[in-house]
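Have a look at the sequence and the 3D model below, and turn the model around a few times. Then let's walk through it together.

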Amino acid sequence: MAHSLNDLPDPALDERANYDYQSQETLEEGLAGALRAVVRGEVRFDTYSRQLYATDASIYEVRPIGVVKPKHTEDVAAVLEYCFERDIPVLPRGGGTSLAGQTVNEAVVLDFKAHMNGFRGLNMESQTASAQAGITLAELNTELESAGLKYAPDPAWGDKSVLGGCIGNNSTGAHSLQYDKADKYIESLEVVLADGTVTDFGWMDRAEIRTAGDPNGDLESRFYAEIDRVLREDAEAIEANYPDLTRNVSGYNFDVLLEEVRTHEAVNVARLFAGSEGTLGVITQANVALEPIPETTAVVMLAYADILDAMGDVAPILEHDPSAVEVMDDVFLDLAAETDRFQELIGLLPDGTDSTLLVEFYAESEHVAKTKVADLVADRVPDAETEAKPSADPATTPAPKRAFAMMEAHIESRQAAFWKMRKAGLPILLSNTGNNRHWPFIEDTAIPAEHLQEYVRDFQSLLDEYDTFATYYAHAGPGVLHIRPLLDLSSETGIETMAEIADAVTDLVIKYDGSVSGEHGDGRARTQWNKKTYGEDLWDSFRSLKTAIDPKWILNPGPVCGDEEGPTDLTANLRFGSDRSTELPFEPELNWDNDRGFVGMADLCHGCGGCTGFQETTGGVMCPTYRAAEEEIVSTRGRANLLRSTMNGRPPEELFNEEFVHEVLDLCLSCKGCKIDCPSGVDMAKLKADVLHEYHDRNGVKTRDKLFANVEQVLRTGSKLSPVSNWLQQLPGMSFIQEQFGIAGERTLPEIQSRTFQTWFHNRGGSKVSQGESDRSAVLVPDPYTNYMYTDRGKAAVKVLEAAGIHVTVSTAVTDSGRAAYSKALIETARETARNNVGVLASKVRAGWDILSVEPSASVMFQEDYNDLLSGPNVQTVADNTYSVFEYLDVFGLEENLDVRDSEETVTYHGNCIHKGTGRDTHVTEVLERLGFAVDELDSTCCGMAGSFGYEAEHYSMSTTLMSLLEGQIESSPGDDVVVTGASCTMQIGDMPSREAKPDHAVTRLAELLR
């Protein structure tokens, strides 16, 4: 029997009655020290590392014993051999994206994503590829793309999910109609058994299995003996109890073995590890079959008057051999409509649309693709002249049984828009910070297409009994609907309701010959239903197979067939359970207008790992520090996990001590990338600001932080002393002086202008466009960087605005937005600045002026962050009437007034991360392209400067690593030169070794081309 953490037999631990987070030193000296002696990889048993691996994307939380990041198979074997001898549980883990809780356990976690992530080669003759378990599916497919091949299973989180996890969970995705599941593509696996034995599994003749099996032999031969027994004795039970579905990932793969032996008189034993969730062995390398990348695709969106109509239409649609059929119900569409970028697309749906089916076809040519769509439309969309569209009153007009309208998409951009809309509602679904949330515990049942309509009708009736509701979306084609009921799991009643609904849904699944899991696996959420689903005999066979190959039950005990005590309870170890403390150890200083405020935002991270994805394929801003370090602790998920756990019943000192601030929060760049890229919209920048503010109150503020927070005063003084202040920077020993203030000696301090932008504007006599000549008037706020350092961009902005017909004035009362103080969490300072600025600017708005800024971080401060600092109508007035320069041109169509010369150059555009994080960055590219520029917009993260971050000595290495990532993108861009909008980006790109000059601001480049 696998021991619990409290009775580990390690001698150094024997004196412990109970293990908790305070007894770390003891564990370090015992098990951790022993493992360090036998592996070359990393061994981490510290409190933070253990908490980082305590959650995945599920509703569960279990703190592991410790974490090992193996470097090769020998490391994995050494860990298992050591743990097997001592009955210590072991859990293999990749991206930690599991939705059923199979990647959290009280065990030694093996993190394969860290080092064992290599691509091992492509065999074009056999069209197979080999790779280590920790390679992400996106990385694998990037390696294969040039050969026109791909690894076909495509789970939604493929840029975060790894190959070993994909196989261990038997994953697939939206295109399973075409490609089936991961097990189909396994040719062979390298597996480390529970006792550390390294074995290759693949195809074996039926006779060979019988001969190799020995119930009294080593683990491998016992495994073969049990497989032989299952094939001989359980065939009838397998036929009777396994659903006739391709999308069944519940239980062990007995049905696949039986089908193979009957078809080939041979068995691919490796495929038994698919869906085993790390309970039978640890996969270290895989050889997988590949598929050709389809030549072309076509998409059609079918509109229905009711979700039941849509479900009834799935089976007939499947007769047309689509590659994917995705459903979106009314709740989902309403959520998508709340997303700005999809409002226009949602608006194109015909009146009366309650639900849609997104149908995709693969084809060898565009003509064939269009023909497939036409055939489907002719079959499933009635002629408007012969069949009436749905009435507003369903009581008088029966709902049609087919789609009543459709929208086709043949060009790539429109198809991408349809697919993005399909994914749009989930982020909003996950952004609820209240206790009532849509929880994943029965969200991936699989039902035969011909029974979908009846199943959904019964499901809705069941939810009605519990006075709740859910949204229905995802993979209707293979019958896998993602259904998340709205429940409050912070209450005992909510937890009891969850268990009752899960039990009742299992009965429905059995009734309609379905599977309790068609995608996300058993894990902690569904294992307890496997006995009911498969019957007592097969449940016993699952456990017998587990015992044969893992006699001490150390491999991820719990999922698939429970632990040695029996089935796993889906209500145990809940991350947000009723016993959880949510009392904050401090009073937040910022305004939190979401449910449950600071706590609700900290809880918002559901653990999908979007911040740890394969960024070369997915792009976005989030999470820059993870991209640079590839360490969980510097990801948004890692910070959120540690922040939440430190709040949960821990002494306040833990949240505000030096270690937490500097190990967990310090490397957050406050770029706001998570606010837009995280599916849940976790605002880590805001969480960080509130915690650091309390830290400052308790511990004081460093001189350097005060210096950077008061950048306006520093630059003003430097400007008055210029050019002497610039000359002093060139003196020998200046780098040493910088380092005494904690500023990186390698950094060149910016040149400060003696003649400010404000002075220039005053001396020129103000605006060249009178208010009488202009339809709009704008106050340009000269942020400190524009006013004292980059005055040319302020001048360019005035020139462009006046050319667009705008009467411009430059503010003398408002210069500093408070961004620098806010970024250093000096909230009182930032609030006082904001209060003064709002008083001035609100009166200007009421007098008919718009507010503009050249610097994106300043405009976002006015537009969004002031609402975190202040309350009242004046704050919103300023927010609603503030724009960056390009946003202003775009929103009001002012670029139509500009007369620019033709330009043949292509510019490379890197956007400011804070601007991207608020979704306002796209205006730059849109304006420039409409004016005739060719723009290569980099899908880049933060440049690494992030205000003062890149100047701080302890952050210099991280900053330059991020700079090198951006430099690589710039070098591969077809652009002739680089343009930016942020002052930080200007400084960072200007410091790149490959560049001789700083990049232009986009408005400067635009001004140069004005006629």
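## A sheet close to the end of the numbering

How many bridges link strand β28 and β29, and in which sense do they pair? Strand β28, residues 977-980, pairs with β29 in the parallel sense, over two bridges. Look for V980, which stands opposite H1001 in β29. Keep in mind as you look that this is a predicted model.

Now zoom out a little. The two strands belong to an open sheet of four strands, ordered β27-β26-β28-β29, with parallel pairing. At the edges sit β27 (934-937) and β29 (1000-1001), each of which pairs on one side only. As background, strands of a sheet pair through backbone hydrogen bonds, either parallel or antiparallel.

## The whole chain

Let's step back to the full picture. The secondary structure adds up to 45 helices and 29 strands. The radius of gyration is 30 Å, close to the 30 Å that the globule rule gives for 1011 residues, so the chain is as compact as a globular protein of that length. If you drew a box around the C-alpha atoms along the principal axes, its sides would be roughly 95 × 80 × 60 Å.

What about inside and outside? Buried residues make up 62% of the 1011 residues. The chain exposes about 37,200 Å², and carbon and sulfur atoms supply 46% of that area. Of the contacts with a separation of 6 or more, 75% are between residues 24 or more positions apart. As for charges, there are 86 positive and 165 negative ones, and the mean positions of the two groups are 6 Å apart.

## A strand covered on both faces

Next, find strand β4, residues 108-111. Here's a handy rule: in a regular strand the side chains alternate between the two faces of the sheet. In β4, V108 and L110 are on one side, V109 and D111 are on the other, and all of them are buried.

β4 also has partners to check out. Strand β2 (residues 66-69) pairs with β4 in the parallel sense over three bridges, and V67 has V109 as its bridge partner. Strand β3 (residues 90-93) pairs with β4 in the parallel sense too, over four bridges, with P92 opposite L110.

## A serine tucked into a helix

Is S959 buried or exposed? S959 counts as buried because its relative accessibility is 0%, below the 20% cut-off. You'll find S959 in helix α43, which covers residues 956-972.

Leaving out residues up to four places away in sequence, S959 touches R747, C943, G944, M945, F949, G950 and Q988. Take Q988 from that list: S959 and Q988 are 29 residues apart in sequence, but 8.7 Å apart in space, C-alpha to C-alpha.

## Backbone details in the loops

Two peptide bonds to look up are cis. One runs from M622 to C623, with omega near -20 degrees, and C623 lies in the loop between α22 and α23. Another runs from S722 to P723, with omega near 10 degrees; P723 lies in the loop between α30 and α31.

Positive phi values turn up as well. D467 has a phi of about 55 degrees although it is not a glycine, and lies in the loop between α16 and β19. D467 is exposed, with a relative accessible area of 73%. K672, another residue other than glycine, has a phi near 70 degrees and lies in the loop between α26 and α27. K672, though, is buried, with a relative accessible area of 6%.

Terms used
Residues numbered from 1 in each chain as written. Heavy atoms only, no water. Rg over C-alpha atoms; globule rule 2.2 N^0.38 Å. Buried < 20%, exposed > 50% of the residue type's maximum accessible area, 1.4 Å probe, protein only. Contact = heavy atoms within 4.5 Å. Areas by Shrake-Rupley, 256 points an atom, 1.4 Å probe, with all protein chains shown as cover. Lys, Arg positive; Asp, Glu negative; His and termini not counted. Charge placed at Lys NZ, Arg CZ, Asp CG, Glu CD. Pairing = 2+ DSSP bridges.
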